[in-house]
Amino acid sequence: MRCGPTAKLAAIRRSQKQQKIFGAEQQCCLSLPRLFETVPSNTHGIVMSVARKPLHGLKVLDLTRFFAGPFCTMHLGDLGADVVKVEAPGGDLTRRQGPPFLADNGMTFLAANRNKRSIELDAKTPEGRRLLKELANVADVVVENFRPPVIKRLGIDYETISAINPGVIYASLSALGADGPHAESGGFDITVQAEFGFMSITGEKNGKPIKQGTSVFDLVCGLYAFGGILAALRQRDATGEGQVIETSLMEAQLAFLVDAGMEYLVAGNIRDRWGSEHSQVVPYKVFATADGEMVIAAGYQSVYEPFCRAIGREDLISNPDYSTQKDRVRNRHRLYEIIDVEIRRHSSAKLKTMLDAAGVPNAPVNDMAQVFAHPQVLHRRMSLSLTHPVYGAVPTIGPGVKYSAFDITEGWSAPPVLGEGAEDVLAEWLGSKSVEMADAG
């Protein structure tokens, strides 16, 4: 080998200078309050000591971009997998999606790419395609979100890779599904929400359809892929065989239609937009208080009666127009006219005290600052900070699941600089011989 693992690899376009920590666009970032807990980590760019985690030693080749795929592979990394993110020259487009930015990285990139190493690889070159295939041939899991013609052209489709690597778990994420009359169509979270029903049931009554507050079905798709990968790994433990996993934004979104979808399939009803209200439960919505807004969920009989007593309207319990849940749904408009007036008499703080004492579910409508200062959020470690030698402190949202056998946040690392850890990956995954071949390419 001419130069060893630190030599410049022909198939990899690495940045030789450190990225700017705070560029001109950084002025768009707001100063962050100290509302997070710092997570101890070892040297960034090296696989952490996470042997107690269930996916320790698992090699994951992440060929995905945007949100769904990276969100999936980040969760694999959270559980100890060695996730290698392959990026085209210039990096994942979400690095530049903004403002705001932290160290020239957009919020979407930071939200979905912790616990990964990065390789900047030009798959348009023969050397890049060869190296990509070599990595896929030794991976336990490959996750991709290319259109089928692209993945075949690159030579890393499932049939090609599984012929050499029969145990590979190959997860394919797409917009509308792996086959069918519209399989070749692309799509984004917002287009899928529109075309496949969710936007039709989201928004105020008699108002325009609106999208969810985040790219929620990108994330749901990523979580379905994550669960599918874990199931396939468990099956591989029993059979020794790999398989293909297919999911899409469309299928993930359809699965989340749940009762709205069942309402049509069973009864033929097409659900309207209800705003914060519930089509089958009353009272249940956002109410205007004297000084703000609160959600009150008092539709079930066990909480409706305490609610009426708490606001001084016991008469609504025995009134035959509102005495049962069915009656309240049928006469919702008249009931809300009464309750709206009563709720506006009280401040949010007073109302919360009254309803908490009565055991009635309620909540203020909090903004992000209030959410991340919430004592329960802080107690459950949902606001964390990761340390990176270039970026410095990088806030991250904590894990949605905790485990009694291990600390899932142990060894977590901040999202990587473009190309960070590439040389180590090639040495560890392919061995020095393969590194020498790449040097000579």
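**Figure 1. Ala103 in the loop between strand 4 and strand 5 (105–106).** In this predicted model, Ala103 sits in the loop that runs between strand 4 and strand 5. Its phi angle is positive, about 55°, although Ala103 is not a glycine. Ala103 has a relative accessibility of 2%, so it counts as buried, the limit for that word being under 20% relative accessible area.

**Figure 2. Asn206 in the loop between helix 6 and helix 7.** Asn206 is a residue other than glycine, and its phi is nevertheless positive, near 65°. Is Asn206 buried or exposed? Asn206 has a relative accessible area of 84% and is therefore exposed, because exposed means over 50%. The loop that holds Asn206 lies between helix 6 and helix 7, and each of these two helices also supplies at least two residues of the lining of the second largest pocket.

**Figure 3. Two cis peptide bonds that lead into prolines.** The peptide bond from Pro99 to Pro100 is cis, with an omega near 5°, and Pro100 belongs to the loop between strand 3 (82–87) and strand 4 (101–102). The peptide bond from Val282 to Pro283 is also cis, and here omega is near 0°. Pro283 is placed in the loop between helix 9 and strand 10.

**Figure 4. Helix 1 and the glycine that comes just after it.** How many of the 11 residues of helix 1 are buried? The count is 11 of the 11, so helix 1 is largely enclosed by the rest of the structure. Among these buried residues are Phe71, Met74 and Leu76, together with His75 and Asp78. Just after helix 1, Gly80 takes a positive phi of about 105°.

**Figure 5. The second largest pocket and its lining.** The volume of the second largest pocket is about 910 Å³. Its lining is made of 42 residues, and those that lie nearest the centre are Asn145, Phe146, Leu173, Ser174 and Ala175. Several helices and strands each supply at least two lining residues, including helix 1 (68–78), strand 8 (169–174), helix 7 (216–239) and strand 9 (243–248). What kinds of residue make up the lining, nonpolar, polar or charged? The lining divides into 18 nonpolar, 13 polar and 11 charged residues.

**Figure 6. A nonpolar patch on the surface.** Met262, Tyr264, Leu265, Val266 and Ile270 make a nonpolar surface patch of about 620 Å². One of these residues, Ile270, is found in the loop between helix 9 (258–267) and strand 10 (284–288). Ile270 has a relative accessibility of 72%, so it counts as exposed.

**Figure 7. A salt bridge between Glu428 and Arg117.** Side chains of opposite charge can pair when their charged atoms come close. A search of the whole structure finds 22 salt bridges, and in one of them the side chains of Glu428 and Arg117 meet with a distance of 2.9 Å from N to O. Glu428 lies in helix 17 (residues 422–440) and Arg117 in strand 6 (residues 117–120), so the pair ties together parts that are 311 residues apart in sequence. Glu428 counts as partly exposed, at 45% relative accessibility, whereas Arg117 is buried, with a relative accessible area of 4%.

**Figure 8. A salt bridge between Asp259 and Arg271.** Asp259 forms a salt bridge with Arg271, and the closest N and O atoms of the pair are 3.2 Å apart. Asp259 is in helix 9 and Arg271 is in the loop between helix 9 and strand 10, and the two partners are 12 residues apart. Asp259 is partly exposed, with a relative accessible area of 34%, while Arg271 has a relative accessible area of 16% and is buried.

**Figure 9. A salt bridge that belongs to a network.** Glu342 forms a salt bridge with Arg345, in which the closest N and O atoms are 3.1 Å apart. Which residues are joined into one network by salt bridges that share partners? The network holds Arg313, Asp315, Glu342 and Arg345. Within the network, Glu342 is buried, with a relative accessible area of 10%, whereas Arg345 counts as exposed, at 56% relative accessibility.

Definitions and conventions: Residues are numbered from 1 along each chain as its sequence is written. This is a predicted model: local features need pLDDT of at least 70, side-chain atom pairs count only at pLDDT 80 or more; totals for chains, interfaces and linings use all residues. Side-chain values use heavy atoms; hydrogens and water are left out. On a 1 Å grid over the protein atoms alone, a cavity is a set of points where a 1.4 Å probe fits but cannot get out, and a pocket is an open set with protein on both sides within 12 Å along at least five of seven lines; lining residues have an atom within 4 Å of a point. Grid points are joined across faces, edges and corners, and a volume is the space filled by probe spheres set on the points. Helices (H or I, at least four residues) and strands (E, at least two) are DSSP runs, numbered from the N terminus. Ala, Val, Leu, Ile, Met, Phe, Trp, Tyr, Cys and Pro count as nonpolar, Asp, Glu, Lys and Arg as charged, and the others, Gly among them, as polar. Patches are made of residues with over 30% relative accessible area and no salt bridge: like charges are joined within 9 Å, nonpolar side chains (Val, Leu, Ile, Met, Phe, Trp, Tyr) within 5 Å. Accessible areas come from the Shrake-Rupley method with a 1.4 Å probe; for residues, only the protein chains shown count as cover. A salt bridge is a side-chain nitrogen of Lys or Arg within 4 Å of a carboxyl oxygen of Asp or Glu. Buried means under 20% relative accessible area, exposed over 50%, partly exposed in between (1.4 Å probe, protein chains only).
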